[in-house]
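Here's a walk through one protein chain, strand by strand and then helix by helix. Have the model open and follow along.

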Amino acid sequence: MDTCQALIVDDEEDIRTLIEMTLQPQGVRCDSAATLADAHRLLRTRPYQFCITDMRLPDGNGLELVAHVQRHHPDMPIAVITAHGNVESAVDALKLGAYDFVSKPFDIATLRSMVATARKLARPSDARSAAVPRQTLLGDSAAMQRVRSLIARLARSQAPVFISGESGTGKELAARLVHSSGPRADKPFVPVNCGAIPAELMESEFFGHRRGAFTGAVQDKAGLFQAADGGTLFLDEIAELPQHMQVKLLRAIQERAVKPVGATHEVPVDVRVLSASHRDLGRMIAEGGFRRDLYYRLNVIELHLPALRERPEDIPVLCEHLLARLAATAGLPCPHMHPQAIAALQRHPFPGNVRELENILERAFTLCDHDTIGPADLQPDPPPADAGTVRTAVPVSDLEGYLEGLEKEAIEQALRACRYNKTAAAERLGISFRALRYRLKKLGME
Ligand SMILES: Nc1ncnc2c1ncn2[C@@H]1O[C@H](COP(=O)(O)OP(=O)(O)OP(=O)(O)O)[C@@H](O)[C@H]1O
């Protein structure tokens, strides 16, 4: 095992010794400092692969050291030790750039996994670049450049990130990039659509269950948190989480442990939580639909993905890449976009964002029989079903059946336009995900 050198900053000698003894078998040699002044002096003398600092020090606050390290040693991961239950200061440290925190009294396993993460973060950047993901968020606009650089910084941290943005703006892709560019890249990335899990099964899906916990629980089952252990759990459509699960999720994040249904004890899990929603959670909190305390835990850092209509300058590069991908998949030559087609797309409002652009280009690619896609080849996604469709009057003898037919048609149209992504289709139809699921079942369309 290659050795590495760490700096431990704590005024309590017992704690310093405990950390040193815990890290020694992992091949970590520690230098210790009892004060901020000592820490600064040691940092000037030699490089360290990582640093762990207490928050309360005789001559200042650990947050000052976190800020100093971000400025002067940006490649050195730093984690903080917080008093038990002092969640606010842990959150402050994460916001300042600390990659993780551990609460007193220590859980040795948490300390070890924190050190393992630090060592991966401290690897030379060329070793880490092997994990650089293939698919990336395209776009040269200033807004997309900011998004990519924030993702690179977020990848280093272990802080929870809330990803906001309209449907189809690339929230899931961004979450995958945060995961795959960071130290957890070789561990699972588990995406979960919170709106797709029936409320009554949610607890067992999230935390697992013990055999016999309920009818049908014939054996122990691991939940999504356990599946993501060591990696990242991406909670998409977090606004759809029912209230009782919001409380349980908050506890799991705070305690870094989950209790499977029917179990008597919590089991520790090491999971980074990323979440996303296209809904305005601030408004939901004000209306009582979402817990403020959970929001603050999830949204330590926010990553906002801009709508496509706010960055029309990204359309040419997106078209080029998306068409190249379609052509490669079909084994056909890649068509060009006529400048007028690009201009038409740049005027389009894109309520479905990049997903809608993908749909438009896929249709154009399929239908166009020459090597240039012109404005006439572009068919925008159909507008929502209620947007003033004119129908001819027909005598209706079976009103129920007739209405069901209309409903089916509108749902089918929305699903097709959203490539059978139910979340997006529900939004397009102006109904909740649950309402769409209910209707699909009722109409026998599943
Ligand atoms: N900047 C981008 N560059 C390349 N592809 C993108 C970009 N943004 C989005 N996409 C593509 O658009 C599609 C939709 O993206 P994604 O599923 O990440 O959006 P989302 O915001 O999570 O949507 P929803 O809210 O509906 O779940 C995906 O196929 C994704 O690869």
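Which residues point one way from strand 6, and which the other way? Ile78, Val80 and Thr82 go to one side of strand 6, while Ala79 and Ile81 go to the other, and all are buried. One thing to keep in mind while looking: this is a predicted model.

**The chain as a whole**

Zooming out for a moment, the protein chain holds 19 helices and 16 strands. Of its 446 residues, 36% are buried. Take the contacts with a separation of 6 or more, and residues 24 or more positions apart account for 70% of them.

**Around strands 3 and 6**

Back to strand 6, which covers residues 78-82 and is mostly covered, with five of its five residues buried. Strand 3 (residues 50-54) tells a similar kind of story: five of its five residues are buried, so the rest of the structure largely encloses it. From strand 3, Phe50, Ile52 and Asp54 point one way and Cys51 and Thr53 the other way, and again all are buried.

Strand 3 and strand 6 run parallel and are joined by four bridges. Cys51 sits opposite Ile78 of strand 6, and Asp54 sits opposite Ile81 of strand 6. Strand 3 also pairs with strand 1 (residues 4-9), in the parallel sense and over four bridges; there, Leu7 is opposite Cys51. Strand 6, for its part, is joined to strand 7 (residues 100-103) by four bridges, and these two run parallel. Ile81 has Val102 as its bridge partner in strand 7.

**A five-stranded sheet**

Further along, five strands make an open sheet with the order 9-10-13-8-14 and parallel pairing. Strand 9 (189-193) and strand 14 (301-304) stand at the edges with a single partner strand each, so one side of each has no neighbour in the sheet. Ignoring direction, neighbouring strands of this sheet are turned by 20° against each other on average.

Within this sheet, strand 10 (residues 232-236) pairs with strand 13 (residues 272-277) over four bridges, in the parallel sense. To find the pairing on screen, look for Leu233, which stands opposite Val273 of strand 13.

**Two helix pairs**

Now for the helices. Two packed helices are described by the angle between their axes and the distance between the axes. Here are two pairs worth pulling up:

| Helix pair | Angle | Axis distance |
|---|---|---|
| Helix 7 (residues 142-156) and helix 8 (residues 171-180) | about 45° | 8 Å apart |
| Helix 14 (residues 315-330) and helix 15 (residues 339-347) | roughly 115° | within 10 Å |

How do helix 7 and helix 8 fit together? With the two packed at an angle of about 45°, helix 7 is oblique to helix 8. Their crossing is right-handed. Helix 7 brings Ile151, Leu154 and Ala155 to the contact, and helix 8 brings Ala174, Leu177 and Val178. By class, that contact has six nonpolar, no polar and no charged residues.

The crossing of helix 14 and helix 15 is right-handed. In this contact, Ile315, Pro316 and Cys319 come from helix 14, and Ile342, Leu345 and Gln346 from helix 15. The residues here divide into five nonpolar, one polar and no charged.

Key. Residues numbered from 1 in each chain as written. Predicted model: local features only at pLDDT ≥ 70, side-chain atom pairs only at ≥ 80, totals over all residues. Axes fitted to C-alpha atoms, helices over the stretch in contact; angles between N-to-C directions. Parallel < 35°, antiparallel > 145°, perpendicular 65-115°, else oblique. Left-handed = near helix turned anticlockwise from the far one by under 90°. Contact = placed C-beta atoms within 7 Å. Nonpolar A, V, L, I, M, F, W, Y, C, P; charged D, E, K, R; others polar. Buried ≥ 20, exposed ≤ 12 C-beta atoms within 10 Å, placed from the backbone. Pairing = 2+ DSSP bridges.
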